[in-house]
Amino acid sequence: MAFKEEEPASDLSGILGKHIIYTYSNGWEYEMYYKNSDTVDYKVRSGSVGGRVVKGQKVSIRQLQTALPSEKVEASESEMSSYMISWVEPTGTSVVQVLNLNRREVRTVILLPDWVVKEPLKTVCFQNEHLDLMRSYRDQGPTYPIHPKIMLGRLHFVEHCTLDNEHVINSH
């Protein structure tokens with residue numbers, strides 16, 4: 001039996017084209033650009049993998065609402081500005097991010113493979129120039145155990161850019 005997607009279409013107009021910079025409570029700073037409905041570019045500006053840059057990362061983005069479509073409940077503007085973004089990187093790292101633009105906060109769960117925790121500096125590069133290397137590190141592992149990291153961050157920069165702009169996140 002195939003997995004059937006049953007989520008209703010999301011209104012992504014509030015997130016697409018957004019360029020944000022945020023800092024997690026542990027001091028790690030990230031820059032993210034929601035390039036289009038299934039792609040992000042990002043740069044890790046500081047932290048254990050500061051200097052890592054990723055462009056063209058495929059993602060799934062959904063608008064979050066507190067009520068199911070069958071429930072006739074008006075969503076507040078704050079709820080309408082909340083989005084869930086998820087992706088799996090070539091390193092084997094899985095990420096789920098919940099972004100609330102009105103509250104200027106981001107909550108993230110990062111599931112790090114063991115090899116990334118043991119040797120994080122191997123991922124510090126412009127990943128797009130090293131995709132085969134990242135996949136080989138992932139395949140060599142060890143992948144397990146998986147190390148979950150739950151993080152809360154505050155947005156301190158938000159701007160709207162055009163979609164599919166290759167110049168928002170600098171690759172170096």
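Helices here are DSSP runs of H or I with at least four residues, strands are E runs of at least two, and both are numbered from the N terminus. With that settled, Phe-126 can be placed in the loop between α2 and α3.

A bit of housekeeping before the exercises. Residues are numbered from 1 along each chain as its sequence is written, and side-chain values use heavy atoms, with hydrogens and water left out. This is a predicted model, where local features need pLDDT of at least 70 and side-chain atom pairs count only at pLDDT 80 or more, while totals for chains, interfaces and linings use all residues.

**Exercise 1. Get an overview of the chain: list its elements in order, then find what share of its residues is buried.**

Step one: count the elements. There are three helices and nine strands.

Step two: walk from the N terminus. The order is β-β-β-β-β-α-β-β-β-α-α-β.

Step three: sort by relative accessible area, using a 1.4 Å probe and protein chains only: buried is under 20%, exposed is over 50%, and partly exposed is in between. Of the 172 residues in the chain, 42% come out buried.

Step four: add the surface, worked out by the Shrake-Rupley method with a 1.4 Å probe, where for residues only the protein chains shown count as cover. The accessible surface is about 9500 Å², and carbon and sulfur atoms own 54% of that.

**Exercise 2. Work out what Phe-126 touches beyond its sequence neighbours, then set Leu-121 beside it.**

Step one: check burial. Phe-126 has a relative accessible area of 13%, so it is buried.

Step two: look for contacts, meaning heavy atoms within 4.5 Å. Skipping neighbours within four places in sequence, Phe-126 meets Val-53, Lys-55, Ser-171 and His-172.

Step three: try a C-alpha distance. Lys-43 sits 83 residues from Phe-126 along the chain, and their C-alpha atoms are 9.0 Å apart.

Step four: turn to Leu-121, also in the loop between α2 and α3. Leu-121 has 65% relative accessibility, so it is exposed. Its C-alpha lies 9.0 Å from that of Arg-52, with the two positions 69 residues apart in sequence.

Step five: zoom out to the whole chain. Among contacts with a separation of 6 or more, 58% join residues 24 or more positions apart.

**Exercise 3. Find the backbone oddities: which peptide bonds are cis, and where is phi positive outside glycine?**

Step one: recall the background. Most residues other than glycine have a negative phi, and most peptide bonds are trans.

Step two: pick out the cis bonds. One runs from Gly-141 to Pro-142, with omega near 5°; another runs from Tyr-144 to Pro-145, again with omega near 5°. Pro-142 is in the loop between α3 (131–140) and β9 (147–160), and Pro-145 lies in the loop between α3 and β9 too.

Step three: pick out the positive phi values. Arg-104 has phi near 55° and lies in the loop between β7 (94–100) and β8 (105–112). Asp-164 has phi near 55° and belongs to the segment after β9.

Step four: check their accessibility. Arg-104 is partly exposed at 34%, and Asp-164 is partly exposed at 44%.

**Exercise 4. Follow Val-158 across the fold: what is it in contact with, leaving aside neighbours within four places in sequence?**

Step one: place Val-158 in strand β9. At 29% relative accessibility, Val-158 is partly exposed.

Step two: read off the contacts. They are Lys-18, His-19, Ile-20 and Arg-104, the last being the residue with positive phi from Exercise 3.

Step three: compare sequence with space. Val-158 and Met-32 are 126 residues apart in sequence, with 9.8 Å from C-alpha to C-alpha.

**Exercise 5. Count the disulfides, then check how buried Cys-125 and Cys-161 are.**

Step one: apply the rule that a disulfide is a pair of cysteine sulfur atoms within 2.5 Å. The count is zero.

Step two: check accessibility. Cys-125 is buried at 14%, and Cys-161 is buried at 12%.
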